[in-house]
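Reader: I would like a quick tour of this model. Let's take it one question at a time.

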Amino acid sequence: MTEFDSEIHSTPGIRERGVEAPADPTEPVPPRLVMSIHAHPDDQEFSVAGTLAKWARAGSTIVSVCVTSGGAGSNEYTPPHMTRGGLALIREEEQRNACRVLGVAEVLFLRYEDGMLEPSLALRRDLTRLIRRHRPAAVVCGDPTLRFYGNFYLNHPDHRATADAALDAIYPSAGTRLIFPELIDEGLEPHRVASVFIHGASRPNTFIDITDVLDVKLAALKEHRTQLGEWDPTEMVTQWAAEQGKSRGLDAAEAFRRMVLADP
Ligand SMILES: [Zn+2]
């Protein structure tokens with residue numbers, strides 16, 4: 001931490017534009033109520049399931065939002081006779097089972113079309129509605145700016161669209177009364193989300209130690225049978241967790257860019 005960083009950090013209320021919060025060596029206290037927002041069944045399990053399992057065990061109430069029901073599947077393991085509707089039903093059940101393993105309290109599906117998401121105002125409104133209804137202290141979502149993972153994976157457009165709409169719903173839509181006034185008519189008052197945990201970010205500042213719940217993360221991931229087929233993800237997921245924990249001396253971690261938007 002530089003002298004300048006420490007000065008900014010120790011002055012409540014002052015966050016100069018362009019100055020990022022320094023990496024925090026201590027883990028944040030598990031938020032009381034968390035909303036996890038992702039595009040497809042299994043996204044959450046690959047990316048943030050360890051953190052959610054850990055927080056659920058510490059007493060957090062977690063609501064999981066899946067924007068699509070994964071009806072497009074994957075070519076490898078989707079039988080040729082399968083329909084989008086048929087697969088969506090199976091994958092919703094897999095997502096509910098995975099969430100049960102993690103200790104997630106509630107799973108919600110917005111049932112947008114898999115593979116066709118846009119960061120539309122309709123999606124932003126739907127996510128704003130859920131944030132105002134459930135009033136989470138923290139939201140966990142992806143990074144909309146992430147286009148490339150190394151040289152081997154182009155980030156899925158649904159992931160980018162969901163993350164974009166989620167962040168725009170968090171700020172300014174959820175907290176501003178006169179954005180989406182129709183939500184006020186539904187009885188949904190503004191709500192300010194205190195912090196956002198963004199996974200996949202290129203410059204993470206928060207590392208959650210998932211060593212004790214890595215097995216829970218893997219068990220939840222394995223509930224997505226239609227996507228994994230015979231493949232065992234243990235080696236890959238364990239390696240990811242080791243890579244994310246390395247800079248902190250942790251055996252297994254999930255790394256986030258944490259944005260603190262309001263005092264909890
Ligand atoms: Zn996905």
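Reader: In which helix does Pro172 lie?
Author: Helices are DSSP runs of H or I with at least four residues, strands are runs of E with at least two, and both are numbered from the N terminus. The peptide bond from Tyr171 to Pro172 is cis, with omega near 10°. Pro172 itself sits in helix α6.

Reader: What kind of model is this?
Author: Residues are numbered from 1 along each chain as its sequence is written, and side-chain values use heavy atoms, without hydrogens and water. Local features need pLDDT of at least 70, side-chain atom pairs count only at pLDDT 80 or more, and totals for chains, interfaces and linings use all residues, since the model is predicted.

Reader: Which residues coordinate the zinc ion?
Author: Donors are N, O and S atoms within 2.8 Å of the metal (3.2 Å for Na, K and Ca); water is not among the atoms, so sites may look incomplete. The donor spacing in sequence is H-x2-D-x115-H. At 2.0 to 2.1 Å, the zinc ion is coordinated by His40 (ND1), Asp43 (OD) and His159 (NE2).

Reader: How many residues apart in sequence are the parts tied together by His40 and His159?
Author: His40 lies in the loop between β1 (33-38) and α2 (43-47). His159 belongs to helix α6 (residues 157-173). The pair therefore ties together parts whose separation in sequence is 119 residues.

Reader: Is His159 buried or partly exposed?
Author: Buried means under 20% relative accessible area, exposed over 50%, and partly exposed in between (1.4 Å probe, protein chains only). His40 is buried, at 6%. His159 has 21% relative accessibility, so it counts as partly exposed.

Reader: Which non-glycine residue in the loop between β1 and α2 has a positive phi?
Author: The phi is about 95°. At 9% relative accessibility, the residue counts as buried. It is Asp42.

Reader: What is the strand order in the open sheet?
Author: Two strands pair if DSSP finds at least two bridges between them. The edge strands, β3 (106-112) and β8 (206-209), each pair on one side only. Seven strands form the sheet, with mixed pairing, in the order β3-β2-β1-β4-β7-β9-β8.

Reader: Do β8 and β9 run parallel or antiparallel?
Author: Strand β9 covers residues 253-260. Phe207 stands opposite Ala255 in β9. Four bridges join β8 to β9, and the two run antiparallel.

Reader: Which residue of β7 is the bridge partner of Cys141?
Author: Strand β4 (residues 138-141) points Ala138 and Val140 one way, Val139 and Cys141 the other, and all are buried. Four bridges join β4 to strand β7 (residues 195-199), and these strands run parallel. The partner of Cys141 is Ile198.

Reader: How many of the nine residues of helix α3 are buried?
Author: Helix α3 spans residues 49-57. Leu52 and Trp55 are among its buried residues. The helix is largely enclosed by the rest of the structure, because the buried count is seven.
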